[in-house]
Amino acid sequence: MKHIWYSLVLIASIPLIALAIEPTNPPGVCDRFIGESEAKACQEKMQNNQNVDWYAVTVCNLQKDDQQFWKCFDSIQNQAFNPGSLDKCGEETEMTDAQRLSCMDSARSDRKPASQNANYQSLKVKKGK
């Protein structure tokens with residue numbers, strides 16, 4: 001009976017997990033542009049951009065105006081964000097572009113990504129017999 005209860009709780013929590021923002025596939029961002037030249041320019045910018053938090057791009061993609069999207073995109077370069085605060089910026093559908101940009105500014109975090117030169121301990125998987 002205890003296992004059934006846990007299973008029901010897990011199943012009930014799936015919709016809550018699904019509400020969290022998901023990282024945008026970089027080429028998918030460019031679907032917002034109708035013009036071929038705009039879409040191509042966007043594709044090039046996405047390919048050459050490795051210093052961006054793709055969860056934050058998902059929130060920027062909610063901007064209604066394309067110029068506001070680029071303003072948001074440029075503002076998140078090399079920035080880290082608090083996931084909970086970022087989620088709040090993405091879940092509010094009635095925000096104006098200016099409000100969403102302000103929300104993004106308040107979601108910034110001082111956490112830094114791991115160093116590229118870090119000396120990590122290698123993971124060794126032992127198979128059981």
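Here are three short exercises, with worked solutions, on this predicted model.

**Exercise 1.** Work out which residues of helix 3 are buried and how they sit around the axis.

*Solution.* Start with the length check: helix 3 runs over residues 36-47, and at 1.5 Å a residue its 12 residues should span 16 Å. Its end C-alpha atoms are 17 Å apart, which agrees. Next, pick out the buried residues, namely Ala39, Cys42 and Met46. They cover an arc of only 60 degrees around the axis, so they sit on the same side of helix 3. Now flip to the other side of helix 3, where Glu36, Ser37, Lys40 and Gln47 are exposed.

**Exercise 2.** Find out which helix gives the largest share of the largest nonpolar core.

*Solution.* That core has 25 residues, and Met46, Phe69, Ile76 and Met104 have the most contacts inside it. Helices 3, 4, 5, 6 and 7 each chip in at least two residues. Helix 4 gives the largest share, with 5 residues.

**Exercise 3.** Figure out which parts of the chain are tied together by the salt bridge between aspartate 66 and arginine 32.

*Solution.* First, the pair itself: the two side chains meet at 2.9 Å, N to O. Then place them: aspartate 66 is in helix 5 and arginine 32 in the loop between helix 2 and helix 3, so the bridge ties together parts 34 residues apart in sequence. Last, check accessibility. Arginine 32 has 19% relative accessibility, so it counts as buried, with the cut-off being under 20%. Aspartate 66, at 28%, is partly exposed.

Methods:
Residues are numbered from 1 along each chain as its sequence is written. This is a predicted model: local features need pLDDT of at least 70, side-chain atom pairs count only at pLDDT 80 or more; totals for chains, interfaces and linings use all residues. Side-chain values use heavy atoms; hydrogens and water are left out. Helices (H or I, at least four residues) and strands (E, at least two) are DSSP runs, numbered from the N terminus. The expected span of a helix is 1.5 Å times one less than its number of residues. Buried means under 20% relative accessible area, exposed over 50%, partly exposed in between (1.4 Å probe, protein chains only). The arc is that of the directions from the helix axis to the C-beta atoms. A nonpolar core is a set of buried Ala, Val, Leu, Ile, Met, Phe, Trp, Tyr and Cys residues joined through side-chain atoms within 4.5 Å. A salt bridge is a side-chain nitrogen of Lys or Arg within 4 Å of a carboxyl oxygen of Asp or Glu.
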